[in-house]
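Colleague: I should like to learn how to read the features of a model such as this one. Could we take them in turn?

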Amino acid sequence: MNMEPIAGVRAAHLFAFLDLLHSIGAPVDRGLRLARLPTMLVEQPDALLPSMLMKQFLNEMAHKEGISDFALRAKDFTTINQQISPAVLGPIYFAPTLKAALEAAFRLAKQEITHLNLWMTSDGAKVRVCHDYGIPLGERGLRHFELGSNVNLTRLVQKFAGPRWYPGTMAFRSTAALGPYAAEKFPNTRFLTGQKLAWIELPRSMLSLPPRAGLIAAGSAPDRSSRPQSADARALDFPGSLKAALGAYLGDGCPGINLAAEIAGTSVRTLQRELAQFGVSYSDLVQQARFDAASQLLQDSDNKVIDVAYAVGYEDPAHFTRAFRRIAGVSPREYRRNRLAQ
C-alpha cells in the first residue's frame, strides 16, 4: 500500500497565531505539546509542520480562548513578507503587474503549504482568485485556512490596487458564519459561505495594474528581530537593483547574461545562483525590465507602439505584443487606454 505524502505548512505561517496567543496570555507551549507540535518553532521558520496537527492546534486554542475569526485577527499581527519565504516572495515582489504576481503565487504556493491549490477563473469583467485544500480539514480547520488565504490574497492585491481596496465578494467552502471582527475589517465585502470553492473577486481590468510602492514594507507587526531569517534580507535588493541597471541597455537589444554578470561584478554562475535564491531567473528579470520600461513609455500617447517595442529591445513588434500580453493580460494598446483613462 502506497501512503500519500504528508501535507505540510511552513512554520512561519503559524507565527502570527502564536503572537496573538502570547499577547492574551494563552498557554501556548502547553497547546503546542498537546497538538504534538514542536515548541521551539521560533528558531525554525522554514520547518514544515504537519497540516493536520496545525489544524488541531488552531481549533483547540480558538475554542479554549474564545477567539472568533482567529485567522483574521492573527493576520493583524504580521505582514505578508513575515510569513512567506524569500524564495517565494521574490518572484511576487518583482512582478511587474498584478497578473504576473498572482501567477507567481499560483506557481509557488506549494512551497508554503503543500496541499494548497491556487488558480484564477474569468467571468466577463470579473475574475475570481480561487483556492482549495486537498486534504480533509473539518469545518473549523477549513475556516482557519480559507480565511487566512483570502486575507493574504487581499493583501497581495492591495499592493497593486492600494490599501483601501477590498474584494466586493469573498467566498468560503466552510459553512461557519464569520464573526463581527470580519465585518469590521471588511465593511463593504459580501461573505458567501457553503460555496463549492473559496475565492475573492476583483475586476478583470485590475490585472494590468503595476505595483504601487513595493510589496515588502515595514508594518506595525511586533518586533521579530530575534528570529533568524531564512535568507539574507539584503539579497532582496539585488534583483531589483540589477533590473534597474539593465534598463539602460534595453535600447541596444536584449542584454546578455555575461553583460549582467559584468555589471554585477560577479560570475555568471554566481549571478544565476543569487537570482535562483529568490525564484527569479535571468530571463524573468530581463522580461520584467522590458515590461517596466515599456509600460512607462506607453503612458505617453505620443509614443507609437512599434517605437516602444524597438526602445525596449524587440526586433519584431509582434513578439513585443505577445510578451506584453503575457504579463499584463492586455495588449499594449489596451494597456495604454486603461492607464490614460485612470
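Modeller: Certainly. This is a predicted model. Let us begin where a helix ends: H15 is followed by Gly-329, whose phi is positive, near 80°.

Colleague: What caps the N-terminal end of H15?

Modeller: The cap is Asp-316, with a side-chain oxygen 2.9 Å from the backbone nitrogen of Ala-318.

Colleague: How does one check the length of H15 against what is expected?

Modeller: One compares the distance between the end C-alpha atoms with a rise of 1.5 Å a residue. Helix H15 covers residues 317–328, and its 12 residues should span 16 Å; the end C-alpha atoms are 16 Å apart, which agrees. The same check can be made on H13, residues 282–298. Its 17 residues reach 24 Å from the first C-alpha to the last, close to the 24 Å expected.

Colleague: Which residues of H15 are buried, and how should their spacing be read?

Modeller: The general idea is that an α-helix has 3.6 residues a turn, so residues three or four places apart point the same way. In H15, the buried residues are Phe-320, Ala-323, Phe-324, Ile-327 and Ala-328. Seen down the helix axis, they fall within an arc of 120°, so they line one face of H15.

Colleague: Against which helices do the buried residues of H15 pack?

Modeller: They pack against H7, H13, H14 (305–311) and H16 (332–341). H13 has buried residues of its own, among them Tyr-282, Leu-285, Phe-291 and Leu-298. Polar side chains also occur in that list, including Gln-288, Arg-290 and Ser-295.

Colleague: Let us turn to the strands. How do S3 and S4 run, and how many bridges join them?

Modeller: The general idea is that in a regular strand the side chains alternate between the two faces of the sheet. Here S3 (residues 116–123) and S4 (residues 126–133) run antiparallel and are joined by 8 bridges. To follow the register, take individual pairs: Trp-119 has Cys-130 in S4 as its bridge partner, and Thr-121 stands opposite Arg-128 in S4.

Colleague: What is found between the strands of that hairpin?

Modeller: The hairpin of S3 and S4 has 2 residues between the strands, and Gly-124 takes a positive phi near 65°.

Colleague: Which strand does S4 pair with besides S3?

Modeller: S4 also pairs with S7 (residues 198–203), in the antiparallel sense and over 6 bridges. One of the pairs to inspect is His-131 with its bridge partner in S7, Ala-198.

Colleague: How many salt bridges does a search of the whole structure find?

Modeller: The search finds 8. One of them joins Arg-10 to Glu-112, with the closest N and O atoms 2.8 Å apart. Arg-10 lies in strand S1 (residues 8–10) and Glu-112 in the loop between H7 (98–108) and S3, so the pair ties together parts that are 102 residues apart in sequence.

Colleague: Are the two partners buried or exposed?

Modeller: Buried means under 20% relative accessible area. Arg-10, at 6%, counts as buried, and Glu-112, at 5%, counts as buried too. It is also useful to look for further charged partners: Arg-10, Asp-46 and Glu-112 are linked in a network of salt bridges.

Colleague: Which salt bridge involves Asp-132, and what does it connect?

Modeller: The side chain of Asp-132 meets that of Arg-173 in a salt bridge of 2.8 Å, N to O. Asp-132 lies in S4 and Arg-173 in the loop between S5 (169–171) and H9 (180–185), so parts 41 residues apart in sequence are tied together. Arg-173 is partly exposed, with a relative accessible area of 32%.

A further salt bridge joins Glu-334 and Arg-325, with the closest N and O atoms 3.8 Å apart. Glu-334 is partly exposed at 29% relative accessibility, and Arg-325 is partly exposed at 39%.

Colleague: Finally, how should one read the surroundings of a single residue, and where is His-115 found?

Modeller: One takes its location, its burial and its contacts together. His-115 is found in the loop between H7 and S3, and at 6% relative accessibility it counts as buried. Leaving aside neighbours within four places in sequence, His-115 is in contact with residues including Val-9, Lys-110, Asp-132 and Phe-145.

Colleague: Which side chain makes a polar contact with that of His-115?

Modeller: The partner is Ser-51, at 3.2 Å. As for distance along the chain, His-115 and Ile-6 are 109 residues apart, while their C-alpha atoms are separated by 9.1 Å.

Definitions and conventions
Residues numbered from 1 in each chain as written. Predicted model: local features only at pLDDT ≥ 70, side-chain atom pairs only at ≥ 80, totals over all residues. Heavy atoms only, no water. Pairing = 2+ DSSP bridges. Helix = DSSP H or I, 4+ residues; strand = E, 2+ residues; numbered from the N terminus. Salt bridge = Lys/Arg side-chain N within 4 Å of Asp/Glu carboxyl O. Buried < 20%, exposed > 50% of the residue type's maximum accessible area, 1.4 Å probe, protein only. Contact = heavy atoms within 4.5 Å. Polar contact = N/O pair within 3.5 Å; in protein donor to acceptor, adjacent residues only side chain to side chain. Expected span 1.5 Å × (residues − 1). Arc of directions from axis to C-beta.
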